[in-house]
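Here is a short tour of one protein model. Keep the structure in view and follow along, element by element.

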Amino acid sequence: MKKSLIAIALASTFLAACGTSEVKNSDVEKAVTAASSTKAELGSFGVDLSARNEAVKPGDDFFMYASGTWYDNYVMPADKTRFGAFTGLAERSEKQVKEIIDDIASRSDLNAEEQLIADFYQAYMDTDTANKLGITPIQPTLDSIKQIKSTDDLTKIFGGAWLTGASSPIAGGMWFNRLDPNQYEMSMGATGLGLPDRSYYLEDSERFVKIRTAYVEHIAEMLAFAGIKDGKARATEILALETKMAEGQWPREKRRNRDLTLNQIKRTELTKEYPGFNWDLYFKETGYQVPQLNMSQPEPIKAMIALVNQEPLNVWQDYLTFHTISNNAGLLSEDIYAANFAFNGKTLSGQEEPRPRWKRAISEMSGTQSLGFAIGKVYVARYFPESSKQQMAELVENLRTAMGERIDGLDWMGADTKVNAHAKLAAFNPKIGYPDVWQEFDGLKLTNKDLVGNIQDLRQYFKADSIAKELKKTDRNRWGMTPQRVNAYYNSSFNEIVFPAAILQPPFFDPNADPAVNYGGIGAVIGHEMGHGFDDQGSKSDANGIQRNWWTDADRAAFEAKADQLAAQYSKYEPIPDNFVNGRNSLGENIGDVGGLSMAYHAYKLSLNGKEAPVIDGVTGDQRFFLAWAQVWKEKRTEQSMLNQLRAGTHAPGRYRAQAPRNHDAWYKAFDVKPGDELYLPEDQRVRIW
């Protein structure tokens, strides 16, 4: 779904300093002497060996060796664009949430939060009412767009876009002051495109020309729902406008450069530095006071201001009409949703059928700006054992110990920089499972009869909460993901790594699995998130989350040389003919993968306390470690979805993440990888950063 606010930047991180090799083993010792006293969920020790294709040499394609039989035989369901370990676990979480909602809906003795959940879900599932209403729930917004007579009127619509579901070429959201993480700050950027990335507008290959042609047809179809009959010509003008917007925006690899995106400015200086836009009117509409801002993309914002003043108002009106319908399509009648899905689902992503409505309802309810934490509170009580949190905490500390030793052993980093690196590692704050302080919903009222009204009430509720906190000290108890989300993140401003409850399940984490599997799975995920604190961008913030240079010039140059080498390595991968992985845009994630594996393997070896790992089912400890990693990244996806990932995503596709071990010497020994194998890298070409 297109966003009308800047997305929260959540990267992964690793940190901490320890001068000892002692690790806690309560979670692993019992599995060193035997596979497990209780059976692992996958296979005999935590890895699905039946997924392997042993006809493939590990050194030629480690992804297919680890998961090739599964890949060759798995048939993608019609309602999916990709499926893999993450997706499978997300489906489990989704079904568990459905059980929670069904249970709540069956009862009459509901507390206030349960009533919100029941009412929202009932309103979402009421297709009869949605079909009767058609487009009328958003008609007030469409009417206000029709009444635009000036750029000031246009600016007011932009300022209220987040509440109405409209779009805007300039948008912002509250985030943390990168020079003082104890303060909130409005961050502004250039936004508003309807296609996944600017390259979809600017490249002239046959593939993108066809997408743009289909996009014009789609825009015209959506405009027809608003009674616009000459839609094809007007859709062509909207495409032309968005193409100009795309031309003015930065490529993604430039937008992730924190040196370029830190541009603080006092509110009083904004009109002088960014003239031609009525900032007073815009912020009055948002409700924020914004004494200071960060203009994350200065030149693109100025380019958008120029377009606001140069392009005809009627084209902007059509642009807003289209995006308002498109962004709200999932909340409206089934014919509007179907038309929107035909392009955004099928054409852009290769999804043959829509997801069932109950799944879409759960997705809508589960975000941090919805009822996600109200649901998450029940999810944790019902499905998350406290023992998993304790075992995970021990794994985090083991990874911290390993990272500390690895920092000490770096031959490319000098003593002064190592002091700062250790300080950052020691200050690392892990959050595991669920928040210590839950989101409150006091005063929120929803109904079981008005879906669009519920969405707008939720947006208004969270906006009011954000406005109330704008000038207060930042809340370090906040979470950027709900417990039922299968994911993890690093927040550089708070120097924290966060692991929601739902990811702490097989294949990532299984208390009954062999230790090698847990270290190769969730251990490497922990290392990945820690690694974001030391990737090409996260490394620009210090132990206190302040963006500043804590490196010597020589050490920074040595680090960047290694990062450049890794970017070049990943840029050679070609998932689709003539469409390569963007090694520069995915660099932070790739550093997280390669560095996270190093940390996890080091921690795994420490956990053995000098003992040899047992061979289980003919598989050595090191082999189990790397197989666990590779199977975490097993996935199958449509070509359209792959293209979206290459152009709009910050992660390399799973196939190439599974190949990250080619940078680790132990992998070569574990699988007898030799020169001549496709993945073989000479020792001087293996990237060893952390």
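## Two helices, a sheet and a core

Right after helix H17 comes Gly350, with a positive phi near 75 degrees. This is a predicted model. Start with H17 itself.

**A kinked helix.** How far does H17 span between its end C-alpha atoms? The span is only 20 Å, whereas a straight helix of 16 residues would cover 22 Å at 1.5 Å a residue. H17 also has a kink of about 40 degrees, centred on Phe341. Phe341 is one of the buried residues of H17, and so are Tyr337, Asn340 and Phe343, among others. The buried residues of H17 pack against H9, H10, H16, H18 (357-365) and H27.

**A helix that fits its expected length.** Now turn to H10, residues 206-224. Its 19 residues should span 27 Å at 1.5 Å each, and its end C-alpha atoms are 28 Å apart, so the two agree. The buried residues of H10 include Phe208, Ile211, Tyr215, Ile219 and Met222. Arg212 and His218 are buried too. Part of the cover over these buried residues comes from H9 (199-202), H11 (231-248), H16 (313-328), H17 (334-349) and H27 (639-648).

Here are the spans side by side.

| Helix | Expected span | Span between end C-alpha atoms |
|---|---|---|
| H10 | 27 Å | 28 Å |
| H17 | 22 Å | 20 Å |

**A small-print look at the sheet.** Three strands make an open, mixed sheet, in the order E6-E8-E7. E6 (429-433) and E7 (489-491) are the edge strands; each has a single partner strand, so one side of each has no neighbour in the sheet. From one strand to the next, the twist averages 20 degrees. E7 pairs with E8 (residues 496-500) in the antiparallel sense, over three bridges. Among the residues involved, Asn491 has Glu496 in E8 as its bridge partner. Helix H20 (residues 386-409) lies across E6 and E8, at about 150 degrees to E6.

**The nonpolar cores.** In soluble globular proteins, nonpolar side chains tend to be buried together. Which residues have the most contacts inside the largest nonpolar core? They are Met188, Trp279, Leu371, Ile522, Ile526 and Trp690, in a core of 194 residues. Helix H25 (residues 587-607) gives the largest share of this core, ten residues. Apart from this core lies another, of five residues, including Phe373, Trp479, Tyr489 and Val498. Back in the largest core, take Ile522. Beyond its neighbours within four places in sequence, Ile522 is in contact with Met392, Leu395, Ile503, Leu504, Phe508 and Phe509.

Note on methods:
Residues numbered from 1 in each chain as written. Predicted model: local features only at pLDDT ≥ 70, side-chain atom pairs only at ≥ 80, totals over all residues. Heavy atoms only, no water. Helix = DSSP H or I, 4+ residues; strand = E, 2+ residues; numbered from the N terminus. Expected span 1.5 Å × (residues − 1). Buried < 20%, exposed > 50% of the residue type's maximum accessible area, 1.4 Å probe, protein only. Contact = heavy atoms within 4.5 Å. Pairing = 2+ DSSP bridges. Axes fitted to C-alpha atoms, helices over the stretch in contact; angles between N-to-C directions. Bend = angle between axes of the 7 residues up to and from the residue. Core = buried A, V, L, I, M, F, W, Y, C linked by side-chain atoms within 4.5 Å.
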